[in-house]
Amino acid sequence: MNHDTATTPKAASATNVAPAETPGTPATTAATRTGAAFALLAAVQAVLNTSVTITSAAGPDIAADLGLGASGLVWTGAAYTLVFSGLLLLGGRMADRYGRRNAFRAGIALFAAASLAGALVPGGGWLITIRLLQGTGAAVAAPAAMALVGDVFPVEATRRRAMAAWGGLSGVGAALGMQLAGATATWASWRWSFVALALVGLVVAALAGRYLPAGPTPTHGRVDVLGAALVTGGVALLSLGLVAVGTHGWLTAAVLLPIGAGLVLLLGFGVAENRVAAPLMPLRFLASGRRVGALATGMLAPIAGSSAAFLMSLYFQRVLGWSALRSALGFVPYTLALIVVSAAGVLIVARLGARRTASLGLITMAIAFVLFGRIDAESAYVGAPLLGMLVLPVGIALTAASAVVGATRGVSAGDAALAGGAFNTSMLMGPTIGMALFASLADAHTGTGPSPEQAATDGYVFAFHAAAALFAVAAVAVTVLRGSRPARA
């Protein structure tokens, strides 16, 4: 699963040698605009993933305010990710058809408007509807944003470094969502977290026309309506079945029927894409084993992050008796470490190559879950929990950085938005799979210890050990699979 190719001397010199400049020269102005453009795109990638977790940390307050039961609360999170993941491939093709900047602005504007409406909802049904609209806007904005990164950095070497930095933004955004929701729910109201999302979206939409390039000339071919319907329905039904695992268990009709139907639709999608003139997902895009491997690797980072966040939040609140705010603050070291390592990940991928970086990231995640597995009902935070919080983001950042480089390397300009849609789909499917798998393992192995707290901890520990085994096996697989000679990014 080697994601590496060589960088030409010409490209390297183009990015490493800069002429002497004085403030205010055209070159300085161009550099400033490039930085501002990347900052806008990065802010959107982070905030779209902030919205994934924003209803989780404030769940009890939302449930009490809107009269939601356990299933309704689950749907406030699932509605967003179902639509977001299901519509991403269509969103990528819309960016090609209507222009990347146009699609980006339209998507983020819809997301911002829905977020503002979310702050005003009178009931749980309205909030779930708003989350569906948020997810629709996110599905249009996210692939366009990732494609625009390539337009902002047209030189291969600088684009690869930007993409490596891009890989960590999803995890940073998801982690920040927990802190934002916990803080607003404690000090004001959970509704203010939606206001914060709306403000970021509105500011970005207003500045996009000034700082972002328009991208390539839009295409005017026919939209693959059949493919869009099949892949959207397939991903949504598959996710729906996985979401239902937590309340129904694996071997139930509520889980097996939607998963089976989703797989049938995705199989139909594969058949249909081979028969249409302008497919939503050209099969040639997946002909590269390196790219498929990168997409699979990219799914593992959010599996790790979401599973650790979910299980450790339960451990903090149900076993240690922490409040929602204190639990969110417990993840601050994790968030800070993720930000730092995501920035350093660019240099690490450049030095080691993407395949070796992926191996290092996966084994580091395995070590983090071994550390989490050392908790008990009376563990001090400064011990196994904190160590795991500091080690896990290192693995996540390295894995994500290597994956996004591999998934986008060698992609033609016309397929850039498609690559963005495919990569974001794999990233969004990760939390759904991880939550279904490891939450069900924790429930199934809840022990009969001397106290309810220890019994619950036994289940969490088993799930952490299972996660450690998964990532260790993945690290071995990435290491032993043969690929092309690693080169510097």
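**Helix packing, salt bridges and a pocket in a predicted model**

Leu88 sits in helix H4, which runs over residues 70–98. All of what follows comes from a predicted model. With a relative accessible area of 0%, Leu88 is buried. Setting aside neighbours within four places in sequence, the contacts of Leu88 are Ala139, Ala142, Pro143, Gly421, Asn424, Thr425 and Leu428. The chain comes back to this spot from a long way off in sequence: Leu88 and Gly420 are 332 residues apart along the chain, yet their C-alpha atoms are separated by 8.3 Å.

One of those contacts of Leu88, Thr425, also turns up in the second largest pocket, where Thr425 is among the residues closest to the centre. That pocket holds about 400 Å³ of space. It is lined by 16 residues, and Met281, Leu295, Ala422 and Ser426 join Thr425 as the ones closest to the pocket centre. Helix H10 (225–243), helix H12 (253–273), helix H13 (289–319) and helix H18 (416–444) each give two or more residues to the lining. As for chemistry, the lining splits into 14 nonpolar residues and two polar ones, with no charged residues.

Helix H10, one of the helices in that lining, can be checked for its span. Its 19 residues should cover 27 Å at 1.5 Å a residue, and the end C-alpha atoms are indeed 27 Å apart, so the two values agree. The buried residues of H10 are Gly227, Ala228, Leu230, Val231, Thr232, Gly234, Val235, Leu238, Ser239, Gly241 and Leu242. An α-helix has 3.6 residues a turn, so residues three or four places apart point the same way. Within H10, the buried set includes Leu230, Gly234, Leu238 and Leu242, and it also includes Gly227, Val231 and Val235.

Moving on to the charged pairs, the structure holds two salt bridges. In one, the side chains of Arg191 and Asp65 meet, at 3.3 Å from N to O. This pair links distant parts of the chain, with Arg191 in helix H9 (residues 191–211) and Asp65 in helix H3 (residues 59–66), 126 residues apart. What about burial? Arg191 has 19% relative accessibility, and because buried means under 20%, Arg191 counts as buried. Asp65, on the other hand, is partly exposed, with a relative accessible area of 42%.

The other salt bridge pairs Asp151 with Arg100, and here the closest N and O atoms are 3.0 Å apart. Asp151 belongs to helix H6 (residues 124–152) and Arg100 to helix H5 (residues 100–118), so the pair ties together parts that are 51 residues apart in sequence. Arg100 is buried, with a relative accessible area of 3%, while Asp151 comes out as partly exposed at 25% relative accessibility.

Between those two helices, H5 and H6, lies a loop that holds Gly123. Gly123 counts as buried, at 14% relative accessibility. Gly123 and Gly91 are 32 residues apart in sequence, and the distance between them in space, C-alpha to C-alpha, is 29 Å.

Another glycine in a loop is Gly249, found between helix H11 (245–248) and H12. Gly249 is partly exposed, its relative accessible area being 26%. Neighbours within four places aside, Gly249 is in contact with Ala244 and Val255. There is also a long-range pairing to note for Gly249: Ala436 is 187 residues away along the chain, and the two C-alpha atoms are separated by 9.2 Å.

Two further helix residues round out the picture. Ala175 has its place in helix H8 (residues 169–187), where it counts as buried at 5% relative accessibility. Not counting residues up to four places away in sequence, Ala175 touches Tyr334 and Thr335. Leu336 is 161 residues from Ala175 in sequence, and the pair is 9.5 Å apart in space, C-alpha to C-alpha. Thr357, for its part, lies in helix H16 (residues 354–372) and counts as buried at 0% relative accessibility. Leaving aside the neighbours within four places in sequence, Thr357 is in contact with Ile348, Val349, Leu352, Leu398 and Ser402.

Methods
Residues are numbered from 1 along each chain as its sequence is written. This is a predicted model: local features need pLDDT of at least 70, side-chain atom pairs count only at pLDDT 80 or more; totals for chains, interfaces and linings use all residues. Side-chain values use heavy atoms; hydrogens and water are left out. A salt bridge is a side-chain nitrogen of Lys or Arg within 4 Å of a carboxyl oxygen of Asp or Glu. Helices (H or I, at least four residues) and strands (E, at least two) are DSSP runs, numbered from the N terminus. Buried means under 20% relative accessible area, exposed over 50%, partly exposed in between (1.4 Å probe, protein chains only). On a 1 Å grid over the protein atoms alone, a cavity is a set of points where a 1.4 Å probe fits but cannot get out, and a pocket is an open set with protein on both sides within 12 Å along at least five of seven lines; lining residues have an atom within 4 Å of a point. Grid points are joined across faces, edges and corners, and a volume is the space filled by probe spheres set on the points. Ala, Val, Leu, Ile, Met, Phe, Trp, Tyr, Cys and Pro count as nonpolar, Asp, Glu, Lys and Arg as charged, and the others, Gly among them, as polar. Contact means heavy atoms within 4.5 Å. The expected span of a helix is 1.5 Å times one less than its number of residues.
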